[in-house]
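Me: I am new to this structure and should like to understand how its descriptive terms are justified. Please set each value against the criterion behind it.

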Amino acid sequence: MANGSSSRSLLKPLPRNSLLLSSSVMIIIVGIILALTYQSILKPPLPKLCGSLGGPPITAPRIKLRDGRHLAYKEHGLPREKANHKIVFIHGSDSCRHDAVFATLLSPDLVQELGVYMVSFDKPGYGESDPDPNRTPKSLVLDIEELADQLSLGSRFYVIGKSMGGQAAWGCLKYIPHRLAGVTLVAPVVNYYWRNLPLNISTEGFNLQQKRDQWAVRVAHYAPWLIYWWNTQNWFPGSSVANRDVGILSQPDKDIILKMGSSRKPHLAEVRQQGIHESINRDMIVGFGNWEFDPIELENPFLNKEGSVHLWQGDEDMLVPVTLQRYIAHKLPWLHYHEVPGSGHFFPFAKGVVDEIVKTALMQSII
């Protein structure tokens, strides 16, 4: 009898609350495992803030922004008070304020002739500028406007945005057109997810990328929380930019890099000194995220021809497909489009190109 009772008790179903308790325990265990995995593998480490204990030193002049962050900058050309034309330069991905090619390669004679002052700055998380984990195209524009105001650049100034710096240049046209004397976009990165970019055009440009960059863009757009792990793991290649892989570049770009050698980026160590996530990865998250506006919807900010907008693009650029820029130029007839044949992403480093771009940008004021 005892044995029979024991068998029946084993077959008796467990109370419902016991089942729920078991399920809850399993969910909690799985949740803890996932949280620990995210904490140890997926979650990026905290940035090494400049001036903090163990962080990089502060060597550059900086302004304090509206939210307490600091923005590091570097001035070039004539003194502000003597300049006729004041330009804010926005660097691309994996660069910093020192990589202001439009200042460093601009002819000294042209600087004097045109009266050019230029300021470059470290975008948030780069160089010596504090990170902005809430960065958007608009917030970066507000940083630029504050920089211009604190440096007393006047009611209107020029903007030059290169590569990933193009997101801020487009943002300036959207959010502060009244502050602009002119805008120049140089090989600006295109967001494949702009809502007015036709699917066939977007897909064509997207497919021209290397597979590794296609996947990196997808991760940045659909799973930005995964991008740190994606660009730092060793199982498969992450973003070519994040991994500094020059093998994907076009031959014209490789020739330029070979010719310039280490002189192209003498301050390379300073670029990511606060960490890769709030610099390179943040550029990708913002650049390929969901924007609050679509540049293809922008209207001409210079209806009275008091300024102009220019877009320059190499037709052999392997990082930013030329087909996308051609479409944008077609949709924005007020934009002056300059396609440079036989050139890649780094065409501004070719002899005389910077002088031509800057003269063209200032032409409206010169006439």
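Reply: Let us begin with one residue. Leaving aside neighbours within four places in sequence, lysine 265 is in contact with Ser93, Asp94, Ser95 and Asp99. The model is a predicted one.

Me: What makes these residues contacts of lysine 265?

Reply: The criterion is heavy atoms within 4.5 Å. Ser93, Asp94, Ser95 and Asp99 meet it with lysine 265. In addition, the C-alpha atoms of lysine 265 and cysteine 96 are separated by 9.4 Å, although the two are 169 residues apart along the chain.

Me: Where does lysine 265 lie, and why is lysine 265 called buried?

Reply: Lysine 265 belongs to the loop between helix H10 (251–260) and helix H11 (268–271). Its relative accessible area is 17%, and buried means under 20%. Lysine 265 therefore counts as buried.

Me: Is serine 163 buried or exposed, and how do you know?

Reply: Serine 163 has 9% relative accessibility, which is under the cut-off of 20%, so serine 163 counts as buried. Its place is in the loop between S5 and H6. Its phi is near 55°, a positive value in a residue other than glycine.

Me: Why is arginine 244 placed in another class, partly exposed?

Reply: Buried means under 20% and exposed means over 50%, with partly exposed in between. Arginine 244 has a relative accessible area of 35%, so the residue is partly exposed. Arginine 244 lies in the loop between H9 and H10, and its phi, near 50°, is a positive value in a residue other than glycine.

Me: What is the overall make-up of the protein, and how much of the protein is buried?

Reply: The protein has 14 helices and eight strands. Of its 367 residues, 54% count as buried. The exposed area is about 17700 Å², of which carbon and sulfur atoms supply 58%. Among contacts with a separation of 6 or more, 79% come from residues 24 or more positions apart.

Me: How are the strands arranged in the sheet?

Reply: Eight strands form an open sheet with mixed pairing, in the order S1-S2-S4-S3-S5-S6-S7-S8.

Me: Why are S1 and S8 said to stand at the edges?

Reply: Strand S1 (62–64) and strand S8 (336–340) each have a single partner strand, so one side of each is left without a neighbour in the sheet. On average, neighbouring strands of this sheet are turned by 25° against each other, direction ignored.

Me: How do you know that S1 and S2 pair?

Reply: Pairing requires at least two bridges. S1 and strand S2 (residues 70–77) share three bridges in the antiparallel sense, so they satisfy the requirement. Isoleucine 63 has leucine 71 in S2 as its bridge partner.

Me: What makes the pairing mixed?

Reply: Both senses occur. S2 and S4 run antiparallel, joined by five bridges, whereas S3 and S4 run parallel, joined by six bridges. Histidine 76 stands opposite methionine 118 in S4, and phenylalanine 89 stands opposite serine 120 in S4.

Me: Why can both faces of S4 be called covered?

Reply: In a regular strand the side chains alternate between the two faces of the sheet. On one side of S4 are Val116, Met118 and Ser120, and on the other are Tyr117, Val119 and Phe121; all are buried. Six of the six residues of S4 are thus buried.

Me: Which helices lie across S3 and S5?

Reply: Helix H5 (residues 137–150) lies across strands including S3 and S5, and runs at about 110° to S1. Helix H6 (residues 166–175) also lies across S3 and S5, together with S6 and S7, and runs at about 150° to S6. Eight of the 10 residues of H6 are buried, among them Trp170 and Cys172.

Me: How do you know that the length of H8 is close to expectation?

Reply: Helix H8 (residues 211–222) has 12 residues and reaches 16 Å from its first C-alpha to its last, close to the 16 Å expected. Its buried residues include Arg212, Asp213 and His221. Helices H7, H9 and H12 are included in what covers the buried residues of H8.

Me: How confident is the predictor?

Reply: The average pLDDT is 89, and 87% of the residues score at least 70. Over residues 1–14, however, pLDDT stays under 50, as it does over residues 16–20.

Note on methods
Residues are numbered from 1 along each chain as its sequence is written. This is a predicted model: local features need pLDDT of at least 70, side-chain atom pairs count only at pLDDT 80 or more; totals for chains, interfaces and linings use all residues. Side-chain values use heavy atoms; hydrogens and water are left out. Helices (H or I, at least four residues) and strands (E, at least two) are DSSP runs, numbered from the N terminus. Buried means under 20% relative accessible area, exposed over 50%, partly exposed in between (1.4 Å probe, protein chains only). Accessible areas come from the Shrake-Rupley method with a 1.4 Å probe; for residues, only the protein chains shown count as cover. Axes are lines fitted to C-alpha atoms, for helices over the stretch in contact, and angles run from 0 to 180 degrees between N-to-C directions. pLDDT is the predictor's confidence in each residue, from 0 to 100. The expected span of a helix is 1.5 Å times one less than its number of residues.
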